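Welcome! Keep the sequence and the 3D view open side by side, and try each task before reading its solution.

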Amino acid sequence: MKLTTVALLGLALVATPVAAQDGRSAGLWLDIAAAAGSARLSCDLCESGRDLGGSVELAVGAWAHPRLRVGIDAGALTRSDNNARETVYSSGVVAALYPRPASGLHLIAGLGWVGFRAEQFTYDAPRLRLGAGWDLPLTSGWVAGNRITVDGASFASLQNGGASVAESVGLSVVRFTLYIRRR
Amino acid sequence: MKKYALALSLLAVVACETATDPVAPFLGDQPEIVGDAVAFGIWAPSGPDTCSAAIHDQYSAVGPDGLRYPTWHPPVDPATGCTFGHEHGRDPSGSDLFEEVGAIPFGYANQHLQTGGFGAPRNEDHVGHKVEWENDIQMNVGGAGAEVLDITCDVMTKLHQGTHSPDAFTNNMHEVVYHVRCTDGTGFSATLLTPIGVAGEMVVGCDREIHIDAGTANPSISPDGGGKRAIPEASCLQQRVIAPEDGRPRFDSALRESWEISASLRTQSNKTIASFNPYYQVMDPSRFFDQAADRDMARPIDLCRLPGLVGEDRCEAVGTDSISWDDPRSPFKGVRRFVDVNANRVRNADGPNIWYTNALGRNGSTEPFPGSIRQWVAIRDNSGIDLHGGVIGRNRDYDGPGVRAPN
């Protein structure tokens, strides 16, 4: 985590003048989001349902280029079913690429960790995030927007109380997110 | 030989040709018939039964010891239409496990009890053998597992559960056969005489806190076991049928009988390789414990003659008739049964599949020994999953033409 922070600060220092040229905010950005989403474990024994839950996400980073925003993010998606609470935690690095200078459309990619928790059941794996979003300017310093992201993870075991109950388990998380961001 | 014996023979041929099949306890190379087990041929018709003993004995299964055992049959012989007066529960041929495990020889563990070193015999009557099964049972997984995992099991079981005589008041050793195969790889086939609760002691069905010293168990050296035999007692009938607080008699509530097993297969070093704890429940036993009665046993049908109970609740079917406890018209003949599957634990990660135990499921070895019973256990440790099942047979009723107590 320390390395990531140092890298981001470094990127911020480099990125500031570049970002400023394009009218996008210089320096750090901060993103706060709420989402509706669902998670699903995939394995021979896994329950196949995909139920809706609520999610919050926080991300912070810097502009590496007027069209490229990088940062770190963390979030949690949770739902309760039959008195059992399932929560999917995630964190990692994220990048957003704006293919057209004047457009709020951006493509999202990220790498990191995802952890599933449901009472004694645990699952931890590296995850890949892909998605797309759309910024809508609110003020000169703030944008709002929405995005859809899909997290995918695989090749990890599902544990219950420390004992493996399934191998090569996959996890997918789909989120539809509304956010505000300090540019 | 009737269709079950025939099916067993065919299965034997199949089993010989498919070496990769899991080897079930009663499949594999079928030996020649070398004789009859103690349990074979002990039933004889009485009262209104119309089948002969010879017709009854056509329903047989050959055990791996080469002995002929009685097995499941319908209450009515389809070939002649005669009635046996008793039933053995659900036809096992409908189970998804039947092709793999074959017909169940009734009394196999009883047969091998003494040969395996136990100091006394324990034989059980014929009518008490009750089969129950269900395919694709949606299992519950402990904690949040029910929301995370989707596991189904096929279960076929047989318990000797006599609910017509005083046997179970004191005797805690009963033969259980239990086959389970689950989608997560959990599975075992166990045949043993399992001690259910304390020998010589029963638990009052309507108040499990009350333990009754009912006498000396037969055999007297019966070991104590886990679980309990919750059996209706006169006070249950008094409180819930004869003088209920709200004036409404409830026979089912008073008579419900639950044999709660805590069975396991263990190695010579006493390591448990498989364990299970199903509850076998009967809603309509034909007897209850009453210390004031002859042999401590009274008959619920006799309550239907009491002035306030004529035509009430389960006595409705009797009306004003005076019928005996063993009349097919009695509503109390042990035909309404179900099984709570409960936990299925396997701790056999290092294998092998085949274990030989004594008739009590103990002293498990990888090599056969005199009196040993061949058990099959999946090579698996399912300790990460608290795998337990729901209820099977809840809405089934095994009444049939001619069926009556003793059943």
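The exercises below walk through a predicted model, beginning with confidence and moving on to strands, surface and backbone.

**Exercise 1. Find out which stretch of chain B has pLDDT under 50, and decide how to read it.**

Solution.
- Step 1: Start with the whole model, which scores ipTM 0.73 and pTM 0.85.
- Step 2: Turn to chain B, where the mean pLDDT is 92 and 92% of the residues reach 70 or more.
- Step 3: Look along chain B for the weak stretch: pLDDT stays under 50 over residues 5-28. The model has 41 contacts beyond four places in sequence for this stretch.
- Step 4: Decide how to read such a region. Where pLDDT is low, the predicted coordinates should not be read in detail.

**Exercise 2. Work out the strand order of the open sheet of 3 strands in chain B, and say which strands stand at its edges.**

Solution.
- Step 1: Write down the order, which is β1-β3-β2 in chain B, with mixed pairing.
- Step 2: Read off the edges. β1 (35-36) and β2 (60-62) of chain B each have a single partner strand, so one side of each is left without a neighbour in the sheet.
- Step 3: Check one pairing in detail. β2(B) runs antiparallel to β3(B), residues 67-70, and 3 bridges link the two.
- Step 4: Find a facing pair of residues: Val62(B) is opposite Arg68(B) of β3(B).

**Exercise 3. Is strand β18 of chain B largely enclosed or largely open, and which strands does it pair with?**

Solution.
- Step 1: Count the buried residues, using under 20% relative accessible area as the cut-off. In β18(B), residues 337-346, 9 of the 10 residues are buried, so the strand is largely enclosed by the rest of the structure.
- Step 2: Take β14(B), residues 272-276, which is antiparallel to β18(B) with 3 bridges. Here Phe276(B) has Asn344(B) as its bridge partner.
- Step 3: Move on to β15(B), residues 279-282, which is also antiparallel to β18(B), with 4 bridges. Tyr279(B) is matched with Asp340(B) in this pairing.
- Step 4: Add β21(B), residues 387-392, joined to β18(B) by 4 bridges in the antiparallel sense. Val339(B) has its bridge partner, Ile392(B), in β21(B).

**Exercise 4. Follow β5 of chain A to its partners β4 and β6, and find the residue with a positive phi in the hairpin turn.**

Solution.
- Step 1: Recall how strands are held in a sheet: they pair through backbone hydrogen bonds, either parallel or antiparallel.
- Step 2: Pair β4(A), residues 84-97, with β5(A), residues 105-118; they are antiparallel and share 12 bridges. Glu86(A) faces Ala118(A) of β5(A).
- Step 3: Now pair β5(A) with β6(A), residues 121-137, again antiparallel, through 14 bridges. One of the matches is Leu111(A) with Leu128(A) in β6(A).
- Step 4: Inspect the turn. β5(A) and β6(A) make a hairpin with 2 residues between them, and Glu119(A) in that turn has a positive phi of about 50°.

**Exercise 5. Locate the nonpolar surface patch of chain A, and name the elements that give it two or more residues.**

Solution.
- Step 1: Select the members: Leu30(A), Ile32(A), Leu58(A), Val60(A), Leu138(A), Trp142(A) and Ile180(A), which together have about 580 Å² of accessible area.
- Step 2: Trace them to their elements. Those giving two or more residues are β1 (28-42) and β2 (52-65) of chain A.
- Step 3: Examine one member, Val60(A), which sits in β2 of chain A. With 32% relative accessibility, Val60(A) is classed as partly exposed.

**Exercise 6. Where do the cis peptide bonds before Pro219(B) and Pro406(B) lie, and how exposed are Phe155(A) and Asp313(B), which have positive phi?**

Solution.
- Step 1: Go to Asn218(B) and Pro219(B), whose peptide bond is cis with omega near 5°. Pro219(B) belongs to the loop between β10 (207-213) and β11 (228-231) of chain B.
- Step 2: Continue to Ala405(B) and Pro406(B), joined by a cis bond with omega of about 0°. Pro406(B) is in the segment after β21 of chain B.
- Step 3: Switch to Phe155(A), a residue with a positive phi of about 60°. Phe155(A) is in β7(A), residues 142-160, and is exposed at 76% relative accessibility.
- Step 4: Finish with Asp313(B), where phi is positive at about 45°. Asp313(B) is in the loop between α9 (300-303) and β18 of chain B, and is partly exposed at 34% relative accessibility.

Conventions. Residues numbered from 1 in each chain as written. Chains lettered and ligands numbered in written order. Predicted model: local features only at pLDDT ≥ 70, side-chain atom pairs only at ≥ 80, totals over all residues. Heavy atoms only, no water. pLDDT = per-residue confidence, 0-100. Contact = heavy atoms within 4.5 Å. Pairing = 2+ DSSP bridges. Patch = residues over 30% accessible without salt bridge, like charges linked within 9 Å, V, L, I, M, F, W, Y side chains within 5 Å. Areas by Shrake-Rupley, 256 points an atom, 1.4 Å probe, with all protein chains shown as cover. Salt bridge = Lys/Arg side-chain N within 4 Å of Asp/Glu carboxyl O. Buried < 20%, exposed > 50% of the residue type's maximum accessible area, 1.4 Å probe, protein only.
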